[in-house]
Amino acid sequence: MVQLPQNHASCVLLVDSPSESFENIKEQLNAQRKGREIYRAVFSELFKLADAQEVVRLSSLQTDCALWLLVGAQSYSEIAQNHLLKSIEEPPRGIFYLFLAPNKSSLLPTIRSRLPIIDHRTKMHPAQLPFDIQKLDMHALYQFVKELSKERPNKEEMKEKIAALLLECTKLPLDSDDLACFDKAIKLAEQFGRPDSIFVPLLLRILRIKARR
């Protein structure tokens with residue numbers, strides 16, 4: 001169970017399930033309120049500009065005591081995060097922000113640099129690939145992408161597989177352009193890119209790297 005921070009201080013909590021943790025923390029806060037308002041909350045699967053505007057509105061309302069502003073989302077849009085920057089940098093007196101996110105990459109570097117990050121996620125085993133990178137060929141490439149397209153993984157699962165592929169590729173002589181392709185793949189996964197549009201270019205590049213050894 002994700003525990004509420006002991007001291008009032010704005011922070012980001014990385015959690016396995018933002019929606020479940022959001023409800024869990026609300027329960028903890030409700031148990032402490034004793035008739036007082038001690039928190040305000042906003043949750044959205046995709047945190048958009050309208051949600052950010054609501055957070056700013058709630059934080060601007062007068063309060064007589066320290067107040068948590070609980071914000072949870074599975075993913076945060078860039079424009080919404082930029083809208084929150086000023087409030088995070090200069091929070092109203094007595095307001096402390098508590099953001100719930102599934103991973104660091106859900107948040108912009110400008111947000112991450114301004115708030116401490118506490119990781120409450122369950123430690124998972126790295127994603128496994130169904131092929132040996134040293135034996136990768138066109139047939140294995142085709143089968144992998146075909147099966148992955150059937151599975152329809154979410155963006156976090158896609159990023160885990162990209163990370164697993166990069167780990168396997170440490171056995172190969174990668175240059176800066178090769179590493180940039182992995183960065184591009186992560187960005188495509190963030191934008192809910194299709195498995196074939198992400199992995200076919202990566203795996204073809206790996207085949208070319210192997211061929212030039």
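Below are three exercises with worked solutions on a predicted model.

**Exercise 1.** Find out how the span of helix H7 agrees with its number of residues, and which side of H7 is buried.

Solution.
- Step 1. H7 has 15 residues, which at 1.5 Å a residue should span 21 Å. The end C-alpha atoms of H7 are 21 Å apart, so the two values agree.
- Step 2. The buried residues in H7 include Asp-178, Phe-182, Ala-185 and Ala-189. These residues cover an arc of only 55° around the axis, and therefore lie on the same side of H7.
- Step 3. Ser-176, Lys-184 and Lys-187 are exposed, on the face turned away from the buried side.
- Step 4. H6 and H8 are among the elements that cover the buried residues of H7.

**Exercise 2.** Describe what lies at the start of H7 and just after H7.

Solution.
- Step 1. At the start, a side-chain oxygen of Asp-175 comes to within 3.1 Å of the backbone nitrogen of Asp-177.
- Step 2. Just after H7, Phe-192 has a positive phi of about 60°.

**Exercise 3.** Which helices each supply at least two residues of the largest nonpolar core?

Solution.
- Step 1. The largest nonpolar core holds 25 residues, and Leu-136, Leu-165, Phe-199, Leu-203 and Ile-206 have the most contacts inside it.
- Step 2. Helices H5 (138-151), H6 (155-168), H7 (176-190) and H8 (195-211) each supply at least two residues of this core. H8 gives the most, with seven residues.
- Step 3. Leaving out residues up to four places away in sequence, Leu-136 touches Phe-131, Leu-141, Leu-203, Ile-206, Leu-207 and Lys-210.
- Step 4. A second, separate core has 24 residues, including Val-12, Val-55, Ala-73 and Ala-80.

Technical notes: Residues are numbered from 1 along each chain as its sequence is written. This is a predicted model: local features need pLDDT of at least 70, side-chain atom pairs count only at pLDDT 80 or more; totals for chains, interfaces and linings use all residues. Side-chain values use heavy atoms; hydrogens and water are left out. A nonpolar core is a set of buried Ala, Val, Leu, Ile, Met, Phe, Trp, Tyr and Cys residues joined through side-chain atoms within 4.5 Å. Buried means under 20% relative accessible area, exposed over 50%, partly exposed in between (1.4 Å probe, protein chains only). Helices (H or I, at least four residues) and strands (E, at least two) are DSSP runs, numbered from the N terminus. Contact means heavy atoms within 4.5 Å. The expected span of a helix is 1.5 Å times one less than its number of residues. The arc is that of the directions from the helix axis to the C-beta atoms. A polar contact is a pair of N or O atoms within 3.5 Å; within protein, one must be able to donate a hydrogen and the other to accept it, and residues adjacent in sequence count only if both atoms are side-chain atoms.
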